[in-house]
Amino acid sequence: MRLVFLGAPGVGKGTQADLIASRFHHPKISTGDILREAVRNKTPLGLEAKACMDRGTLVSDDIVVGIVREKLAEPGCTNGFLLDGFPRTVAQAEALAEMLKTRGQPLDRVINISVSREEVVRRLTGRRSCPKCQAVFHVELAPPQRGGICDRCGGELIQRSDDHKDTAESRLSVYEEQTAPLIAYYREAHVLSELNGLDPVEAVHHRLVSLLAASGLT
Ligand code: AP5
């Protein structure tokens, strides 16, 4: 199973990719998680990426393509992988196609998740994340059992700096300009599947599993 999760910030790509990863035992590669870890560890990559992430703009194609190239070369990715948040530009999509061509392993499906803009802003501004294990919660929609504490690892939950309203709005504009064109790109390549992300997490997950089954992937 070689999948890409596409969609605006906050539509639920990470949430759905996590569920598919644990159900079908494929590694999830989230460029956002990798970049945030580099920022926390103050690595050269993190220092370079931080300013873009704080502004809600995209990190350079060269950097993220390099990250994904390294990850895909790991043995765990030989039998499949889920890409969450990559590609985000046509140049990244072309670089990915080239990498996969070399491996003789084309993408199986690109899942485009969509919800309304109002719902996306609600999801982003209410999200709380665990910096230790990357688990994601929402103050209203998916609250942790103990306020502010991660159910999975006991870590202290934080609000991502780019989830404040102004930066969230900038990220949505960047998405419209630079990432939304990938919907047409992958539709033309006949690998796009549309998934309405508005229902509760479990309902969206069930529809996604049915969609993958209908595509012969489960
Ligand atoms: P990244 O971390 O990838 O952020 P994003 O795409 O903006 O996606 P999000 O993580 O915000 O949202 P999501 O769709 O995964 O939603 P989630 O499942 O968490 O990127 C961050 C930054 O890194 C970028 O701005 C950029 O600077 C840089 N970057 C990363 N990749 C890059 C690339 N390829 N190129 C260049 N730069 C890159 O859900 C959101 C909330 O909603 C949660 O609280 C969740 O609990 C809740 N929720 C989810 N599903 C549902 C549901 N069905 N019902 C109710 N609530 C739900």
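**Ligand shell, cysteines and helix faces**

In this predicted model, 35 residues surround the ligand, and the closest are Thr15, Thr57, Arg88, Arg127 and Arg171. A residue counts as near a molecule if one of its heavy atoms lies within 4 Å of it. Residues are numbered from 1 along each chain as its sequence is written, and side-chain values use heavy atoms, with hydrogens and water left out. Local features need pLDDT of at least 70 and side-chain atom pairs count only at pLDDT 80 or more, while totals for chains, interfaces and linings use all residues.

User: What makes the pair between the ligand and the side chain of Arg36 a polar contact?

Analyst: A polar contact is a pair of N or O atoms within 3.5 Å; within protein, one must be able to donate a hydrogen and the other to accept it, and residues adjacent in sequence count only if both atoms are side-chain atoms. An oxygen atom of the ligand is 2.8 Å from an N or O atom in the Arg36 side chain, so the pair meets the cut-off. The backbone takes part too. A polar backbone atom of Phe137 is 2.8 Å from a ligand oxygen. A backbone N or O atom of Asp199 lies 2.8 Å from a ligand nitrogen.

User: How much of the ligand does the protein bury?

Analyst: The protein buries 96% of the 1,000 Å² that the ligand exposes when taken alone. These areas come from the Shrake-Rupley method with a 1.4 Å probe; for residues, only the protein chains shown count as cover.

User: Which helix or strand gives the most to the shell around the ligand?

Analyst: That is α2, with four residues. Helices (H or I, at least four residues) and strands (E, at least two) are DSSP runs, numbered from the N terminus.

User: Why is the pair Cys133 and Cys150 not called a disulfide?

Analyst: A disulfide is a pair of cysteine sulfur atoms within 2.5 Å. The sulfur of Cys133 is 3.7 Å from that of Cys150, its closest cysteine sulfur, so the two are too far apart for a bond. The structure holds zero disulfides.

User: Why is Thr179 called buried?

Analyst: Buried means under 20% relative accessible area, exposed over 50%, partly exposed in between (1.4 Å probe, protein chains only). Thr179 has 4% relative accessibility, so this residue counts as buried. Thr179 lies in helix α7 (residues 165–179). Its side chain reaches the backbone oxygen of Arg88 at 2.8 Å.

User: How do you know that Cys77 is buried or exposed?

Analyst: Its relative accessible area is 3%, so Cys77 is buried.
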